Amino acid sequence: MAYQLFTRVALRENLPESGLQPGDVATIVEAHAGRNNQEAGYSLEVFNAVGETIAIITVRESQIEPLAPDEVLHVRRLDEVLV
């Protein structure tokens, strides 16, 4: 699935090096085409609850999923400040 820039998506897997967990919401800020049978990817910006950037990460397309109308966002505490 190709995502548009500035689309909000959810992480599908744990990214411990970034302090992020499945279900964390991020915004797509750049698309990266895959080369030679390589999976496409995206740069994502992750915000805290008050809108401050806490991380900018690059993931494979299979590591994200679209948000759905039957889902509810919730708040969790960060173990540490990421940026």
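The following questions and answers cover the core, an aromatic pair, a pocket and some single residues of a predicted model.

Modeller: This is a predicted model in which local features need pLDDT of at least 70 and side-chain atom pairs count only at pLDDT 80 or more, while totals for chains, interfaces and linings use all residues. Residues are numbered from 1 along each chain as its sequence is written, and side-chain values use heavy atoms, with hydrogens and water left out.

Biologist: Which element gives the most residues to the largest nonpolar core?

Modeller: A nonpolar core is a set of buried Ala, Val, Leu, Ile, Met, Phe, Trp, Tyr and Cys residues joined through side-chain atoms within 4.5 Å; buried means under 20% relative accessible area, exposed over 50%, and partly exposed in between, with a 1.4 Å probe and protein chains only. The largest core has 15 residues, of which Leu11, Ile28, Leu44, Ile57 and Ile64 touch the most other members. Two or more residues come from each of β1 (8-11), β2 (25-32), β3 (41-47) and β4 (53-60), where strands are DSSP runs (E, at least two residues; helices are H or I, at least four) numbered from the N terminus. With 4 residues, the element that gives the most is β4.

Biologist: Which residues does Ile64 touch, not counting residues up to four places away in sequence?

Modeller: Contact here means heavy atoms within 4.5 Å. Leaving out residues up to four places away in sequence, the partners of Ile64 are Tyr3, Val9, Ala10, Leu11, Arg12, Ile28, Tyr42, Leu44 and Val59.

Biologist: What is the angle between the planes of Tyr3 and Tyr42?

Modeller: Rings of Phe, Tyr and Trp (its six-membered ring) pair if their centres lie within 6.5 Å; planes under 30 degrees apart count as stacked, over 60 as edge-to-face and the rest as tilted. The count by this rule is 1 aromatic pair. Tyr3 and Tyr42 form an edge-to-face pair, with 5.6 Å centre to centre and an angle between the planes of 85 degrees.

Biologist: Is Tyr42 buried or exposed?

Modeller: Tyr42 sits in strand β3 and its partner Tyr3 in the segment before β1, 39 residues apart. Tyr3 has a relative accessible area of 11% and is buried. Because its relative accessible area is 5%, Tyr42 counts as buried.

Biologist: Which residues lie closest to the centre of the largest pocket?

Modeller: On a 1 Å grid over the protein atoms alone, a pocket is an open set of points where a 1.4 Å probe fits, with protein on both sides within 12 Å along at least five of seven lines, and lining residues have an atom within 4 Å of a point. The largest pocket holds about 810 Å³ of space, a volume being the space filled by probe spheres set on the points, which are joined across faces, edges and corners. Of the 27 lining residues, the closest to the centre are Asp24, Val25, Phe47, His74 and Val75.

Biologist: What is the phi of Asn37?

Modeller: Most residues other than glycine have a negative phi. Asn37 lies in the loop between β2 and β3 and counts as exposed because its relative accessibility is 86%. Although Asn37 is not a glycine, its phi is positive, at about 65 degrees.

Biologist: How many Å separate the C-alpha atoms of Leu5 and Ile57?

Modeller: Leu5 is in the segment before β1 and is partly exposed, at 43% relative accessibility. Its contacts, not counting residues up to four places away in sequence, are Ile28, Val29, Glu30 and Ala31. Leu5 and Ile57 are 52 residues apart along the chain, and their C-alpha atoms are separated by 15 Å.
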